[in-house]
Amino acid sequence: MRFSLREPPAQRVDLKPLVPQTLAGKTVAEIERIEVGTTRVRLTAGDVFRVHKGDPATILIEGGSARFDRVGFGLSEGSIRVEGEAGVQAGRLMSGGRLTIGGTAGPFAGSGMKGGTLAIEGDAGERLGGPLSGETVGMSGGLIHVRGAAGERAGDRLRRGIILIEGRAGAYAGSRMIAGTLAIGGEAGELPGYLMGRGTILIGRGATLLSPTFADCGEHDLVAARLLAAYIAKASAKLARLFRRPLRRLAGDMAALGKGEILLPRP
Amino acid sequence: MRELNANGVAIDDTFAEAFDMRATAIVITAPTARWAAQAAETMTGFATSVIACGCEAAIERALSPRETPDGRPGVRVLMFAVSTAELQKQLQNRVGQCVLTSPGSACYAGLDAGDDRLKLGDAIRFFGDGWQIAKRLGARRYWRVPVMDGEFVCESTTWLTKKAVGGGNLIVMGESPAKTLAATEAAVKAMREVADVIMPFPGGIARSGSKVGSKYKGASASTNDRYCPTLKGAVDSALTAEIASVLEIVIDGLTSEVVGEAMRAGLAAIVEMGSEKGASRVGAGNYGGKLGRHHYHLKDLVR
């Protein structure tokens, strides 16, 4: 099923209803009547998109916008592809299926995700996979793959699952991580792994500032890193290669539980 | 009794009687094939018979780096026991004492599905004394236990199958110990090409086949006197005058089909060698068909 953008929306648009499980069994006319506005001015899917009949399990959104919020919210099966940018909370609470953002995604992409795959072909905003205010746990399963860079606090409170960032990451990457795996191909900003309890952060090109609360445990050839490399090889050959290098292991954050690790591949 | 004769080898009109068993499989890897094999051999060294070892286990086959989860050389080990509880106990004791301790080793599930799960790393992880780390990748979960040469990586669980069969067998008889051993070795070699089976005795061969019971209290099994060549004049022997040596191959498989397939492959190898160089007669062990529900008739397997 295709949704072609008519013109850039005049208000932020909540695309939460446009997921396969909600659209299944609906006619084009019914879909066009779904409200997607976020202001007092009423806005429907038909106002924003030309809706083309097709299989609702495979959704293509032609034309993106930084105002497209909550695209793929709660996606549980099927696939959604946005050919362009996305706004906040793309793929929030996803539990299955595949969401692809062809451009840049806003803050909280993959927030609280439980399963499935979120692929962002551009950059990701801050708090990638992270929890919203008041939530105690961020992403708890699935895979996020960012081809570009990610903003601050990528993987905040990550509980389980894998976040792959091919480019740079902002400050506090993997902050308060509970467990899971965060891999950064480029450089990380200040204090990666800030207050992490468990989990693994791989950083390809070091960090602007590493916390002194991480203890250097020396360089190792880790079997677990080979397993990780094999698991992510299909998604990112570049990051898989980093996992196969000798890895300097920094244990921490000793200011918290201290059972996590930052892995620094030998240059 | 003897009806069939192929290439000079008489095939007894009898059948092997085998039993339902619980089985599991694990994959052991190491930095080199030699050390993967070493860990597996240590783990399966005293695992010839459930009579006194608690389980029957052996290396099923060597795995190339492409076939293992971590891309290192490995081996696949099959383990059989009479109950789930015993299998669990044997698995964790043997992995804990023989694989965990072996340099550079790692251990993974060797079955992708089954009837139930057995603890693997979940039973060993406590060795980490709190420093162990779990890593979940998709549906699989691994434990990383710090050890003195790095980390012991061990998958949290492996699968158990209740469809396994233990006790498939061939009794190989020849005119001399050398000829009998040559034929039996050839049979074991052919059987090792069959997937999902093991021959748990030394080199796949048992020379002390047993019967149920004993004249002595407390012994559940004793020598199979009817097949002992040195007693052939003294007991109700199953052996004819020309037989000077008897060896047995016991086969355990993950399914009944593979046990039959292995017996077929072994018989073919014995027949191919012929009585000039190898065995002059092949039989099989059974208990009258009353104890085990799996019967493998030699006449069906040799045709």
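Two strands are said to pair if DSSP finds at least two bridges between them. Helices (H or I, at least four residues) and strands (E, at least two) are themselves DSSP runs, numbered from the N terminus. The structure described here is a predicted model, in which local features need pLDDT of at least 70, side-chain atom pairs count only at pLDDT 80 or more, and totals for chains, interfaces and linings use all residues. Residues are numbered from 1 along each chain as its sequence is written, while chains are lettered from A and ligands numbered from 1 in the order in which they are written.

Chain A contains five helices and 17 strands. Its C-alpha atoms fill a box of roughly 60 × 35 × 25 Å along the principal axes. The radius of gyration of chain A, taken over C-alpha atoms, is 19 Å, which agrees with the value near 18 Å for a compact globule of 267 residues; the globule rule is 2.2 Å times the number of residues to the power 0.38. Of these 267 residues, 55% count as buried, a residue being buried if 20 or more other C-beta atoms, placed from the backbone, lie within 10 Å of its own.

Strand β11 of chain A (residues 181-184) is covered on both faces. T181(A) and A183(A) lie on one side and L182(A) and I184(A) on the other, and all four are buried. In a regular strand the side chains alternate between the two faces of the sheet. Strand β10 (residues 160-165) of chain A runs parallel to β11(A) and is joined to it by four bridges, with I165(A) as the bridge partner of I184(A). β11(A) also pairs in the parallel sense with strand β13 (residues 198-203) of chain A, again over four bridges. Here the bridge partner of I184(A) is I203(A).

Two residues are in contact if their C-beta atoms, placed from the backbone, lie within 7 Å. The contact between the chains takes twelve residues from chain A and 14 residues from chain B. Helix α4 (residues 223-232) gives the most to the side of chain A that touches chain B, with seven residues. This side divides into seven nonpolar, one polar and four charged residues, where Ala, Val, Leu, Ile, Met, Phe, Trp, Tyr, Cys and Pro count as nonpolar, Asp, Glu, Lys and Arg as charged, and the others, Gly among them, as polar.

Terms used:
Buried ≥ 20, exposed ≤ 12 C-beta atoms within 10 Å, placed from the backbone.
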